[in-house]
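Colleague: I am new to reading protein models and would love a close look at a single part. Could you pick one strand and walk me through its surroundings?

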Amino acid sequence: MVWAPEAADTPLRVLRRLETGPRGLVTADAEARLLDHGENVVPSRLPPTLPRRLLRSVRDPFTLVLLGLGLVSALIASWATAGVIVLLVAVSCLLRSNGEHRADRSTAALRRLVATTTTVRRRATKDAEPEEREIPADQLVPGDVIKLGPGDLVPADARLLRANGLTVHQAQLTGESAPVAKRALDLPDGDEHLLWQGSSVASGSALAVVTATGAATRFAGAYAGPPPGTRPGTRSGTLSGTRSGSRLSRRRGARRTSAFDRSVYGLSWILVRGMLVIPPVALVANAVLRGKGLEALPFAVAVAVGLTPEMLPVVVTTVLARGSALLARRGVIVKRLSALPDMGAIDVLCMDKTGTLTRDRPVLSGSVGPGGRPDPEPLRWAAVNGLVTLHLADPPAPDPLDEAILAGAPELGEVEGLDAVPFDPLTRVSRALVRDGEDVVVVVKGAVEAVLERCAIGERERRRANATAAALARSGARVLAVARGAASVPGPDAVARGAASVPGLDAGAHGGASQVGLDAVARWGASPPAGLDEAGERGLTLVGFVTLADEPSPDAAAALAVLARRGVKVKILTGDHPGTAARICRELGLEAGEVADAAGLTAAMAERATVIARCTPEQKARVVRALRAAGHTVGFLGDGVNDLPAMRAADVGICPRAAVDVTREAADVVLAGKDLSAIGQAVVVGRRSSGNIVTYLRIALSSNLGNVIAMLVAGLALPFLPMLPVQVLAQNLCFDAAQLALAFERPGPAVLRRPFRLRRQAVLRFITGFGLVNAGVDLVTFAVLTRVHGTHDESAFHTGWLVENVLTQAAIMLLLRPVARVSRPLGLATGALAAAGLLLPISPLAPALGLVALPVTSLLWLLLVLVLYAGVLLALTTRTRRKP
């Protein structure tokens with residue numbers, strides 16, 4: 001069996017070499033091929049191994065700096081300092097790797113719930129009739145016959161058997177930014193007849209046979225090169241005759257860095273710079289003021305480590321994974337963890353009205369002529385267009401508009417379908433070629449403006465038609481225009497193209513191009529009709545308008561009210577008439593305000609308007625980009641291929657599970673259904689996640705900064721080091737372990753009331769202010785310890801400050817939070833931290849850490865300082881608790 005057909009092969013040869021046919025594979029054969037070839041999964045998408053996760057953890061900037069400091073400590077034989085640093089790095093990397101493994105496993109399980117599926121033809125037995133079924137794309141095998149429609153991802157490399165108005169986005173593979181037309185040519189020249197995994201259908205429909213899957217696809221080869229042992233004509237080979245994959249884009253699915261990621265990275269690098277600056281400053285200060293040189297290096301290293309929030313990656317991963325798991329139980333799947341805090345920051349949510357504010361199924365409401373009088377002819381021709389499109393284009397799923405029209409259509413008469421191109425979001429029309437008696441007629445149905453452009457009518461009639469359509473739209477109807485006209489008669493060269501759309505391709509695939517041509521001539525006579533050509537569809541006659549009603553979703557009004565209370569403004573971006581969209585908004589209690597037309601829209605108008613009508617896909621994306629440029633965090637809810645540009649332009653792309661494949665693949669958040677209330681839940685969980693991360697940053701960094709300032713000052717003022725390096729690192733390890741409990745906090749209502757962003761400057765101001773307060777308390781502790789123990793008892797001084805430091809850190813964890821209520825995990829963690837601080841001096845570890853038992857009077861003095869510090873924190877936090 002040959003699995004690598006030549007690019008110039010006819011469909012018949014391809015089918016024979018793959019040992020399949022237009023009716024599809026037998027199920028048992030498909031299962032055997034799946035065992036032979038493996039799942040249709042690109043190798044680069046396999047989950048990372050544990051060693052790779054550990055390596056990725058080590059590449060974290062904090063970890064790299066810590067390892068550098070540990071290396072310096074080892075070079076100067078400060079083995080205790082080096083050992084504790086290595087322990088910190090190991091604990092951090094293991095916790096982070098474990099957290100990422102669990103998060104990746106959970107995310108993979110969730111992604112399987114929304115995995116791409118493909119419509120495939122399979123047969124139970126060799127003689128059975130083929131059945132079309134939906135299967136996961138990773139279960140495809142070479143030889144499978146698949147159906148594709150608008151928005152579908154091409155799941156594997158394939159050869160077209162039939163195509164109707166097919167255009168494909170393949171920029172990630174070939175660099176072509178615009179959709180590329182594809183045709184099912186019997187005698188191909190080039191690659192018009194080939195589809196590649198990773199591309200997506202922009203418009204039209206197709207029937208194709210799978211020629212390569214998994215590692216054998218062109219997409220996989222672009223990432224990892226040809227599979228080992230690949231030879232032309234072997235099972236793992238891809239189609240020959242295609243362009244080289246060496247220059248293919250390697251950015252498929254790559255999204256820009258989110259606002260949350262940028263804030264965390266920016267803050268991290270500020271801390272990294274501080275860690276790199278502190279050791280030289282400490283060394284120079286000790287050398288100048290105290291005459292010490294390299295002997296102060298271990299202390300300088302320990303101070304730099306004290307500034308490091310080692311648990312930041314662990315806490316962030318834990319918080320986001322918990323939030324994602326919580327939403328999964330509510331039917332919301334977060335595909336990109338960092339999208340969760342972005343959900344909490346959304347202040348503008350853009351969406352189309354169809355299927356979100358309204359039900360999925362429109363209802364036929366009327367049919368009128370160009371002048372507005374009731375007339376059944378527009379409905380009849382609209383139904384002809386829909387029926388021919390349904391049968392000849394054979395889309396994987398029927399268009400809801402066509403279903404509604406056909407449900408209420410009159411008798412269609414003797415009309416024979418010849419060719420069809422389904423609705424294209426760019427042209428905004430669907431087209432059908434039919435034989436009506438002796439005449440060959442082209443029927444166009446779609447948006448009013450797009451259809452009128454194709455009609456040969458005078459200016460007066462055009463104004464009259466526009467006025468009729470506008471009046472229907474103002475009444476709340478969804479309006480489709482219908483036009484028809486005589487088709488042009490082609491020359492002999494048009495035979496193959498017209499035949500390509502005949503529903504007899506299955507026979508043609510086995511009989512070759514000549515048989516298809518003969519069948520077409522026998523059917524149509526010596527002069528067959530041309531295939532549909534948009535350029536030739538001018539001079540049509542306007543038949544009239546068909547109106548449909550969109551019923552508001554019963555849950556939409558309540559969900560919109562919740563989003564408004566959360567501070568999220570909703571904007572409707574629709575291709576419909578402004579009046580239609582405004583009516584739906586009024587029925588749902590959404591203040592329509594200024595209704596703008598996408599044509600000539602400015603950034604200021606996009607900011608003010610609630611409804612922006614007559615939007616093309618690219619205009620939706622421009623609106624989203626304008627809102628983001630104005631400083632908004634924008635979410636976009638969509639489900640169709642026409643929503644894809646706007647979804648990619650938004651901070652967060654959202655779609656329902658029933659969305660088309662390409663949209664679902666691009667989305668960051670997937671909803672179980674078209675339920676706006678689920679978005680409100682995701683917003684709340686996102687704000688809670690951001691609140692917990694910001695709480696950790698405030699507590700950890702303000703405490704660390706205060707300790708670092710105090711140690712630097714005391715190190716210059718005292719005749720000995722205020723704390724030994726191993727003691728600094730030991731208390732840091734205890735504090736880091738306790739801080740993991742902050743991942744399980746529930747922020748207060750102030751965090752949930754309005755959009756919450758991680759603002760780097762606000763966090764820096766907070767940690768600077770409270771860090772100075774913490775440093776001041778530490779210096780008071782130094783003064784108390786100096787008065788109680790003098791400057792001769794270094795061990796007692798070290799022990800007293802370590803105990804006080806651990807107790808104050810426990811107090812900070814309780815008091816520097818935005819809410820007064822203490823959760824159980826936090827209560828247990830702070831209790832354990834305080835107990836560790838009190839018990840370490842009398843534990844078996846005390847000699848190794850250089851600690852001694854303190855007298856009761858020293859403990860009482862330290863408790864007094866702790867109470868005073870807690871009072872100061874309460875006074876300060878009471879004034880700021882309501883601020884997120």
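Modeller: Happily! Let's take strand 5, which covers residues 157-169. Keep in mind that this is a predicted model. Of the 13 residues in strand 5, 11 are buried, so the rest of the structure largely encloses this strand. Buried here means that a residue keeps under 20% relative accessible area.

Now let's see what strand 5 pairs with. One partner is strand 8, made of residues 200-212, and the two run antiparallel with 10 bridges between them. To find a spot where they meet, look for L160, whose bridge partner in strand 8 is A208.

Strand 7 is another partner, a short stretch of residues 194-195 that joins strand 5 through 2 bridges, again antiparallel. Here A158 is the residue to look for, with L195 as its bridge partner in strand 7.

Strand 6, residues 180-181, also pairs with strand 5 in the antiparallel sense, over 2 bridges. In this pairing, T167 has A181 of strand 6 as its bridge partner.

While you are tracing side chains, here is a handy rule: in a regular strand they alternate between the two faces of the sheet.

Finally, step back to the whole chain. It has 31 helices and 22 strands, and 55% of its 884 residues count as buried. Taking contacts between residues at least 6 apart in sequence, 75% link residues at least 24 apart. On the outside, the chain exposes about 36100 Å², with carbon and sulfur atoms supplying 59% of that area.

Note on methods
Residues are numbered from 1 along each chain as its sequence is written. This is a predicted model: local features need pLDDT of at least 70, side-chain atom pairs count only at pLDDT 80 or more; totals for chains, interfaces and linings use all residues. Side-chain values use heavy atoms; hydrogens and water are left out. Buried means under 20% relative accessible area, exposed over 50%, partly exposed in between (1.4 Å probe, protein chains only). Helices (H or I, at least four residues) and strands (E, at least two) are DSSP runs, numbered from the N terminus. Two strands pair if DSSP finds at least two bridges between them. Contact means heavy atoms within 4.5 Å. Accessible areas come from the Shrake-Rupley method with a 1.4 Å probe; for residues, only the protein chains shown count as cover.
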